[in-house]
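Okay, thanks everyone for coming. Let me put the structure up on the screen, and then I'll talk you through the part I'd like us to look at today.

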Amino acid sequence: MFTLGIETSCDDTGVAVLKDEREVLCEYLSSQIKDHSRFGGVIPEFAARKHLENLLPLVDAALRECGIRGQDLDLIAVTRGPGLMGSLIVGVQTARALSQVWGVPLIGVNHLEGHLFAPLVDAEDLEPPFLSLIVSGGHTEIIRVDAFGKYELLGETRDDAAGEAYDKAARVLGLKYPGGPEIDRLAKNGNAKAFDFPVPLKNTDKIEFSFSGLKTALLWQVKKLEEAGQELPIEDLCASFQRCVVEALLNKILLASKKTGIRQISASGGVSANSTLREALSTCGKIRVWLPKLSRCTDNAVMIAMAGRNAFMRRGRVGDEEVVPDPSLHDIR
Ligand code: KG4
Ligand code: ZN
């Protein structure tokens, strides 16, 4: 079975072809980071135009590389939300048109369910039940997976997502967008104990996150140093900020594990590429952890193809009218 995956929810145009459950025949990703970084964030209108330019050539290249004709596909899986409306429209409308022209079934995928599947691409041994920590630019949540398609949201962020906090912190420090990889890189040479920022919601027994207070603590610290005329110790600030984010994520995933008795954990989304988080999760003896390879932590079409195929095998063909873009789609049940 051949599945074409299409991802255009934000600023990455992704196309991938999957054979059967998890064999990746080819994957393409056209990142717009360079286009957006000069604005300090994603410009929605611009992202949609770039998807329009990039998507069909990528589909064409992917099919050529795999030696497959469009008509030979068994399924097209496309992200239908959550995300930026203009970006989603380009992906969904293109997928609908291709599905009709080639006579291939179409399925809409929740971007978060896509992230949930990312660690599974290389992990045949990960079976439900497990807990999925999704940490991206738009979401920070812990989902209990009792079966594929049977999900329970155990907790999420009250305010900023972890990736959003990274991006905002980077702006405070005068670093480029996206901030996560920059802070991760600079933190490697910093002292993580140099600044005593608060670890969010450290002493609560609730599975929830909050990152806006930490971001504000960083902002005040930077102001204080600037007012004192001191040069900013960027690496120490990055390392200290990162220690608190990672500690908060680790605390809550361990709390969720303790509360549910589930010790199999997966993490995905852009922030799961973070080196300190990966190390903290992997060396924490209390749980067994699955992480996607680095290139599949951030948005990609392989995860969409795998999630779409899995849903298609469970639910069968859905009407094309169900495949509509929904920027605020959230529930992944
Ligand atoms: O999953 P993703 O590609 O897009 C969304 O669905 O949001 O995640 C992008 C986010 C950005 O906020 C970026 O700063 C963050 O992931 N990110 C990282 C790292 N790489 C990407 N955050 C921390 N450390 C990283 N190494
Ligand atoms: Zn994402």
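So, which helices each supply at least two residues of the shell around ligand 1? Before I answer, keep in mind that this is a predicted model. The helices are H4, covering 111-117, H5, covering 162-172, and H6, covering 179-187. Of these, H6 is the one that gives the most to the shell, with 4 residues.

Now let's look at the shell as a whole. There are 20 residues surrounding ligand 1. Sorted by class, 12 are polar, 5 are nonpolar and 3 are charged. And they come from both parts of the chain: domain 1, which is 2-117 plus 298-313, and domain 2, which is 126-296, each put in at least three residues.

Who gets closest? That would be Gly137, Asp167, Gly180, Asp184 and Gly270. Let me pick out some contacts here. Asp167 has a polar side-chain atom 2.7 Å from an oxygen atom of ligand 1. With Gly180, the backbone does the job: one of its polar backbone atoms is 3.0 Å from a ligand oxygen. Gly270 also uses its backbone, placing an N or O atom 3.0 Å from an oxygen atom of the ligand.

And how much of ligand 1 does the protein cover? On its own, the ligand has 560 Å² of accessible area, and the protein covers 88% of that.

Last thing, about where we are in the model: the space that ligand 1 takes up is the largest pocket. Okay, that's my tour, happy to go back to any of it.

Definitions and conventions: Residues are numbered from 1 along each chain as its sequence is written. Chains are lettered from A and ligands numbered from 1 in the order in which they are written. This is a predicted model: local features need pLDDT of at least 70, side-chain atom pairs count only at pLDDT 80 or more; totals for chains, interfaces and linings use all residues. Side-chain values use heavy atoms; hydrogens and water are left out. A residue is near a molecule or strand if one of its heavy atoms lies within 4 Å of it. A polar contact is a pair of N or O atoms within 3.5 Å; within protein, one must be able to donate a hydrogen and the other to accept it, and residues adjacent in sequence count only if both atoms are side-chain atoms. Accessible areas come from the Shrake-Rupley method with a 1.4 Å probe; for residues, only the protein chains shown count as cover. On a 1 Å grid over the protein atoms alone, a cavity is a set of points where a 1.4 Å probe fits but cannot get out, and a pocket is an open set with protein on both sides within 12 Å along at least five of seven lines; lining residues have an atom within 4 Å of a point. A molecule sits in a cavity or pocket if more than half of its atoms lie within 2 Å of its grid points. Ala, Val, Leu, Ile, Met, Phe, Trp, Tyr, Cys and Pro count as nonpolar, Asp, Glu, Lys and Arg as charged, and the others, Gly among them, as polar. Domain bounds come from an automatic or database domain assignment.
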